[in-house]
Structure formats: structure tokens, C-alpha cells
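Subject: Structure handover

Hi,

Here is the structure I promised to pass on. Please load it first, then read the notes underneath.

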Amino acid sequence: MFLSRYLGSAVAALAGFALQVQADTWDMPTPYPDATFHTANIHEFAKDITAATDGALEIKVHSAGSLFKHPEISKAVRSGQVPVGEFFLSLLANDNPAFGIDSMPFLATNYDEAQHLWAAQKDVIDGLLDEQGLMVLYAVPWPPQGLFTTKEITSVDDLAGLKFRTYNATLEEFANLAGAAPTQVEVPDIPQAFSTGRVEAMITSPSTGVNSKAWDFLSHYTNIQAWIPKNIVVVNKRAFRRLDEATQTAVLEAAAAAEARGWEMSKAETEAQTKVLAENGVTVSEPSEELMTGLREIGAQMLENWKGEAGEAGAALLSAYQQ
């Protein structure tokens, strides 16, 4: 009897030890603070994986660029320094123009159009990232992008000479075409950049405006609904393939749930955060027709430039979207 109980306890202990050995923790860098809805969604994604795998795989989220700065995240996942990460998709536009089509001004300006664009874009993105040893898990859009400024803007001419915050090649092109002075600034540095006069204008989401407490350093938000860009979550293919089949399935199911949840969060965010801007003293306004005419002209020129750079693959992607 004693021996039986002893052997039973030993087997249980060994089983517990085996589970501990097999348990894995993945570090996941993200560029945005915990208050950002993208990061909140990622925390839910991580919880879903932990629950579905009974703790065999845990995702440790490193938010606000605390582990890797935003431009370094895709490279860190590609090199295997971390197995999974999130970044702004169009940051990779220099690698291939297809990565940046969702940041083309006035191409897709509402959620239905953005969903249709992602459907047209996804296979292309899958193929491009596969060549880099990466696999797409999911993508979630930001709210439609608006214009934040330190003064009222009624025409494109009002942007001339302003120091304009950029975060990718597409927005740098936009700033140049508008006659503004492009300045690279990451999200955590926005308040200081405005407060010190390093930038005077930016196009970004109401979410980023609220999380940055824009009312502390600027006065106007113009709802131009320029584009609906996406964040993307990717996994290193080698790391993913090392998981057993059940854990792979759990990750993919959690990713699908995160994408569906994230799109709904983005929609709710748009209305809620625009209201917060107004409640805190930012002048929220619809754009003048003169401003929109000038902005659409810039968008049309940028799309023509994009088509010239994107070649046949870009033409096919655009054709699929426009069908």
C-alpha cells in the first residue's frame, strides 16, 4: 500500500515536472502603450492562448516599445530574437509597396472599404512575409486618420512649411507633396515633439491623439478620414513550427478571435475617442471642401506614384480591391 502510494506520488510529480519543462513563454514586443486598444486586444490574445493551452504557451507582452523600438520589431521577429510581435504594416513599404497600400490617402476611408482592401491585400502580404520567414497571425485597423494641428487648417496651403510628424515613407511623401517639413516621430515621443516645437501637425487616429493627451500641446482636430491603416501581428515560422499541433491550432484560433474583436474595437474607438478630444478642449471639425479637394489631389498623385513602383503585383492587388 505504501509503495503504491509512493509510486503514485512520484508519477504525479514527474508528470508535473514534464508539464513545467514543456511550458513555453514567448516574449512579444508591441509599439504602443497598454491604454491603446491594439495593446488591450493583444493582452486578450495572450490570455486566450494561455487558457486554450492550459499554460503550455504563455505570451509575455512588452508594450510601448519597451523591448524593441517600433522600427526594430519586424526585424527582431524575423531574426528569431523574439517569436512574435506587432508593428504598423506600412512600415515595411520600403521593402515592397504592397505593404503600404492601406496608407494610400483616400483609397479606403471607411471600415467596409478597409475590410475589402485587407481581403485583397492579405495573400500578397502572406507571400512577402513568408519569404522573410514570417507568418501573418492577424491584422487590426486603426480608426480613420484625422489631421491634428496647432492651428486651424482650411486648405492645403495652410500646411505649407509646418513641421509634420511622419512614421513611414508614405506619410513622408504626403508631407512633401503638401509642402510641409516631414519629421520622423514615434508615438511615445509625440507629446515632447509638439511641446518643444519639433512638430506642429500630424495625421493619426483619434486613439493616438487621446493616448498622447493631444489637448496638452495642440488645439485642432480635423476629421479628414484620410485612410485606415493596420497593425499586423506576425510570428516567426520556425518558432511556430516547433509548437505541437494542438498549440498551433490554439494560436491560430486566438488570432482569428483577436482580428474579429480588434475590428469591432476599432469601430467603437473612433466615436468614443473623438468625443474625448472634444471634451478636453480640442476643436473638432469637419474639413472644408477646399481642404478636401487639395488633399484628394495629393492622394491621387500618390496612388499614381504607388502604381508605378508596385508593378504588376501592385496592379493586380489594386484591381482585386476595385472589383
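Below are my notes on the sheets, the helices packed on them, one buried residue and the cavities. Keep in mind that this is a predicted model.

**The six-stranded sheet**

One open sheet has six strands. Their order is β7-β6-β8-β5-β9-β11, and the pairing is mixed. The edges are β7 (181–184) and β11 (283–285). Each of these two has a single partner strand, so one side of each lacks a neighbour in the sheet. From one strand to the next, the twist averages 25°.

Look at the β11 end. Strand β9, residues 220–222, pairs with β11 in the parallel sense. Three bridges make up that pairing. Within it, H220 sits opposite T283 of β11.

A helix crosses this sheet. Helix α9, residues 245–279, lies across β5 (146–149), β9 and β11. Its direction is at about 135° to β11.

**The three-stranded sheet**

Another open sheet is built from three strands, in the order β3-β10-β4. Here the pairing is antiparallel. As for the edges, β3 (84–88) and β4 take those places. Each has a single partner strand, so one side of each is left without a neighbour in the sheet. Neighbouring strands are turned by 25° against each other on average, with direction ignored.

How many bridges join β4 to β10? There are seven, and the two strands run antiparallel. V136 stands opposite V234 in β10.

Helix α4 (residues 111–130) packs on this sheet and touches β4 and β10. The direction of α4 makes about 165° with that of β4. Helix α9 comes back here: it lies across β4 and β10. Against β4, α9 runs at about 25°.

So note the role of α9 in the layout: it lies across β5, β9 and β11, and also across β4 and β10.

**One residue in α9**

T247 belongs to helix α9. Is T247 buried or exposed? Its relative accessible area is 7%, so it counts as buried, the cut-off being under 20%. Leaving out residues up to four places away in sequence, T247 touches T53 and L57.

**The cavities**

I also have the result of a search of the whole structure for enclosed space. It finds two cavities of 30 Å³ or more.

The largest cavity has a volume of about 120 Å³. It is lined by 14 residues. Which of them are closest to its centre? They are Y32, F88, R165, Y167 and V187. By type, the lining divides into seven nonpolar, five polar and two charged residues.

The second largest cavity has a volume of about 50 Å³. Its lining consists of H38, N41, I42, E86, Y138, V140, N231, I232 and V233. Five of these are nonpolar, three polar and one charged. Which elements each supply at least two residues of this lining? They are α2 (37–52), β4 (134–141) and β10 (230–236).

Two of those elements have come up already: β4 and β10 are joined by seven bridges, and α4 touches both. That makes the second largest cavity a handy place to go back to the three-stranded sheet, with β4 and β10 both represented in the lining.

Best wishes

Terms used:
Residues numbered from 1 in each chain as written. Predicted model: local features only at pLDDT ≥ 70, side-chain atom pairs only at ≥ 80, totals over all residues. Heavy atoms only, no water. Pairing = 2+ DSSP bridges. Helix = DSSP H or I, 4+ residues; strand = E, 2+ residues; numbered from the N terminus. Axes fitted to C-alpha atoms, helices over the stretch in contact; angles between N-to-C directions. Contact = heavy atoms within 4.5 Å. 1 Å grid on protein atoms, 1.4 Å probe; cavity = no way out; pocket = protein on both sides within 12 Å on 5 of 7 lines; lining within 4 Å. Points joined across faces, edges and corners; volume = space filled by probe spheres on them. Nonpolar A, V, L, I, M, F, W, Y, C, P; charged D, E, K, R; others polar. Buried < 20%, exposed > 50% of the residue type's maximum accessible area, 1.4 Å probe, protein only.
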